[in-house]
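Please open the model in your viewer and keep the sequence beside it. The tour below suggests what to select at each stop and says what you should find there.

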Amino acid sequence: MKVTEHLEKAKGKPLFSFEIVPPQKGSNINELYVNIDPLMEFKPPFIDVTTSREEYVYIEKDGLFDRRITRMRPGTVGICASIQHKYGVDAIPHVLCGGFTKEETEYLLVDCQYLGIDNLVALRGDPMKGEKYFEPTIGGNHYAVDLVKQIKAMNAGKFLHGELPIQNAPDFCVGVAGYPEKHIEAPSLEADLKRLKEKVDAGADYIVTQMFFDNQRYFKFVEAARAIGITVPIIPGIKPVAVKRHLQLLPQVFWLDMPESLISAIENAKDNAAVRQIGVEFAVQQSKELIEFGVPCVHYYSMGKSDNIHQIASQLF
């Protein structure tokens with residue numbers, strides 16, 4: 001079922017969803033199941049699975065180092081298929097521009113169709129590890145809006161090397177990212193909103209926001225998006241703080257502000273166990289306010305361990 005259909009079926013009741021990160025290669029998928037299992041109590045209709053960029057590794061041979069490209073967390077589509085089979089919920093792979101040619105993207109989308117994956121999140125992706133700026137892959141999509149257009153063209157039966165009968169075309173529901181505090185590369189929030197509207201006009205069906213800690217940023221973001229004609233659902237993304245290092249890391253990586261009350265609580269926490277509990281309590285209050293606002297779903301970035309997400313969901317869903 002499409003994400004938009006899940007939201008319509010809920011008839012205004014806020015849904016619970018979360019995002020997971022594939023394990024590094026060499027690990028077992030059972031590590032994912034251990035963290036997913038407890039969260040199934042809250043009946044998530046869909047689960048997002050991230051896709052990681054390729055990166056360079058250096059392999060020593062005969063005293064010399066050979067630079068190779070690898071993916072440390074492969075298997076997103078396979079993991080999605082496994083989740084759908086095991087849990088009977090929709091799994092949503094993140095599809096990136098970076099690291100994929102248009103043909104490789106088409107192969108991935110064909111695989112998704114074969115496996116009964118109905119939803120995708122279309123993202124430009126981050127720069128490669130060690131590179132300051134994003135460089136488009138030769139032969140690939142440059143921006144998320146281009147990726148949305150490719151997916152929607154396939155929905156209409158238009159493949160890269162010809163057309164197929166419409167009854168054989170996929171029918172993907174496409175999500176895109178929104179940034180309540182603007183994308184790090186955007187010159188302004190207004191410019192970023194224009195880029196978001198371009199993605200929606202290209203066919204994006206819903207929006208999931210980057211994490212934020214000040215709900216007023218989300219409320220203003222939704223208001224501004226509606227004012228320029230964006231009508232699709234806007235799902236807030238929530239990341240519970242878990243360790244003291246997040247105080248420096250999250251603002252630096254995601255270009256966001258944190259409320260002074262949260263900063264003070266983390267700074268005064270005696271250890272990371274205390275920080276984790278502070279993160280749970282803050283996320284519960286943040287989620288309650290969002291639910292009162294009438295959000296269609298609250299989406300949690302689990303990033304590995306799920307015990308804190310379970311504590312939050314047990315008080316809300």
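Which residue in strand 12 is the bridge partner of F18? Select F18 together with strand 12, and you will find that the partner is Y300. Please keep in mind throughout that this is a predicted model.

**The barrel**

Now show the strands as a cartoon, where eight of them close into a barrel in the order 1-2-5-6-9-10-11-12, with parallel pairing. From one strand to the next, the twist averages 30 degrees. Begin with strand 1, residues 15-20, which is joined by three bridges to strand 2, residues 46-49, the two running parallel. If you select E19 here, you will see D48 of strand 2 standing opposite. On another side of the barrel order, strand 1 is joined to strand 12 by five bridges, and this pair also runs parallel.

**Strand 12**

Select strand 12, residues 297-301, and colour its residues by burial. Five of its five residues are buried, so that the strand is mostly covered. In a regular strand the side chains alternate between the two faces of the sheet. Here C297, H299 and Y301 lie on one side while V298 and Y300 lie on the other, and both faces are covered. Strand 11 is joined to strand 12 by two bridges, again in parallel, and in this pairing I238 stands opposite Y300, the residue that is also the bridge partner of F18.

**Two helices across the strands**

Move outward to helix 3, residues 76-87, which lies across strand 1, strand 2 and strand 5 and runs at about 170 degrees to strand 5. Then select helix 7, residues 215-227, which lies across strand 9, strand 10 and strand 11, running at about 155 degrees to strand 11.

**Helix 10**

Next select helix 10, residues 272-293, and place a distance between its end C-alpha atoms. With 22 residues at 1.5 Å a residue, the helix should span 32 Å, and the end atoms are 31 Å apart, which agrees. At the N-terminal end, D271 acts as a cap, with a side-chain oxygen 3.2 Å from the backbone nitrogen of A273. Just after the helix, G294 takes a positive phi of about 105 degrees.

Which parts of the model do the buried residues of helix 10 pack against? Those residues, among them V275, I278, V284 and L290, pack against helix 7, strand 11, helix 9, strand 12 and helix 11.

**Where helix 10 meets helix 11**

Add helix 11, residues 307-314, to the view. Its axis and that of helix 10 come within 9 Å and cross at roughly 35 degrees, and the crossing is right-handed. On the helix 10 side, R276, Q277, V280, A283, V284 and S287 take part, and they meet D307, N308, Q311 and I312 of helix 11.

**Last stop: N215**

Finally, return to helix 7 and select N215. Is this residue buried or exposed? N215 is buried, because its relative accessible area is 4%, while the cut-off for a buried residue is under 20%. Its side chain makes a polar contact of 2.8 Å with the side chain of E289. Leaving aside neighbours within four places in sequence, N215 is in contact with Q286, E289 and L290, and of these Q286 and L290 are among the buried residues of helix 10.

Notes
Residues numbered from 1 in each chain as written. Predicted model: local features only at pLDDT ≥ 70, side-chain atom pairs only at ≥ 80, totals over all residues. Heavy atoms only, no water. Pairing = 2+ DSSP bridges. Helix = DSSP H or I, 4+ residues; strand = E, 2+ residues; numbered from the N terminus. Axes fitted to C-alpha atoms, helices over the stretch in contact; angles between N-to-C directions. Contact = heavy atoms within 4.5 Å. Expected span 1.5 Å × (residues − 1). Buried < 20%, exposed > 50% of the residue type's maximum accessible area, 1.4 Å probe, protein only. Polar contact = N/O pair within 3.5 Å; in protein donor to acceptor, adjacent residues only side chain to side chain. Left-handed = near helix turned anticlockwise from the far one by under 90°.
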